[in-house]
Amino acid sequence: MTGNKHRTSLKDLAHELGVSIATVSRALRNSPEIGKEDGKNIKKA
């Protein structure tokens, strides 16, 4: 274990990527409302 007990939240990820929480959520659910490139970038992070 690395000692980091903080789980990355949708809010953290959205802030880091400069997108909304809803966009991160949709990308992780493979929503057709999110472009393929955006979805790939969010999943990479």
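Colleague: Which residue just after α2 takes a positive phi?

Modeller: In this model, which is predicted, Asn30 takes a positive phi of about 60° just after α2. Asn30 is not a glycine, although its phi is positive, and its place is in the loop between α2 and α3. Asn30 counts as exposed, because its relative accessibility is 54% and the cut-off for that word is over 50%.

Colleague: Before we go further into the details, how many helices and strands does the protein chain have?

Modeller: The protein chain has three helices and zero strands, so that, read from the N terminus on, its elements follow the order α-α-α. Along the principal axes, the C-alpha atoms fill a box of roughly 35 × 15 × 15 Å. Of the 45 residues in the protein chain, 20% are buried, and the chain exposes about 3900 Å², of which carbon and sulfur atoms supply 50%.

Colleague: How should I read a helix such as α2, and which of its residues are buried?

Modeller: The general idea is that an α-helix has 3.6 residues a turn, so residues three or four places apart point the same way. In helix α2, which covers residues 21-28, the buried residues are Thr23, Val24 and Ala27. Seen down the axis of α2, these buried residues fall within an arc of 100°, and they therefore line one face of the helix. That set of buried residues packs against α1 (10-17) and α3 (36-44).

Colleague: Which residues make up the largest nonpolar core?

Modeller: As a general tendency, nonpolar side chains in soluble globular proteins tend to be buried together. Here the largest nonpolar core has six residues, namely Leu13, Ala14, Val24, Ala27, Ile34 and Ile42, and at least two residues of this core come from each of α1 and α2. If you select Ile34 and leave aside its neighbours within four places in sequence, you will find Ile34 in contact with Thr23, Arg26, Ala27 and Gly39.

Colleague: Is Leu28 buried or partly exposed, and what is Leu28 in contact with?

Modeller: Leu28 lies in helix α2, and it counts as partly exposed because its relative accessible area is 45%. Once its neighbours within four places in sequence are left aside, Leu28 is in contact with Leu10 and Lys43. Together with Leu10 and Ile21, Leu28 forms a nonpolar patch on the surface, and the three have about 250 Å² of accessible area together. For a sense of distance, Leu28 and Asp12 are 16 residues apart in sequence, while their C-alpha atoms are 14 Å apart in space.

Colleague: How many salt bridges does a search of the whole structure find, and where are they?

Modeller: To recognise one, look for a side-chain nitrogen of Lys or Arg within 4 Å of a carboxyl oxygen of Asp or Glu; a search of the whole structure finds two salt bridges. In one of them the side chains of Glu33 and Arg26 meet, at 2.9 Å from N to O. Glu33 is exposed, with a relative accessible area of 60%, whereas Arg26 is partly exposed, with a relative accessible area of 30%. Glu37 also forms a salt bridge, with Lys40, and there the closest N and O atoms are 3.9 Å apart.

Colleague: Where do Glu37 and Lys40 lie?

Modeller: Both Glu37 and Lys40 lie in helix α3, and they are three residues apart, which is about one turn of the helix.

Terms used
Residues numbered from 1 in each chain as written. Predicted model: local features only at pLDDT ≥ 70, side-chain atom pairs only at ≥ 80, totals over all residues. Heavy atoms only, no water. Buried < 20%, exposed > 50% of the residue type's maximum accessible area, 1.4 Å probe, protein only. Helix = DSSP H or I, 4+ residues; strand = E, 2+ residues; numbered from the N terminus. Arc of directions from axis to C-beta. Contact = heavy atoms within 4.5 Å. Core = buried A, V, L, I, M, F, W, Y, C linked by side-chain atoms within 4.5 Å. Patch = residues over 30% accessible without salt bridge, like charges linked within 9 Å, V, L, I, M, F, W, Y side chains within 5 Å. Areas by Shrake-Rupley, 256 points an atom, 1.4 Å probe, with all protein chains shown as cover.
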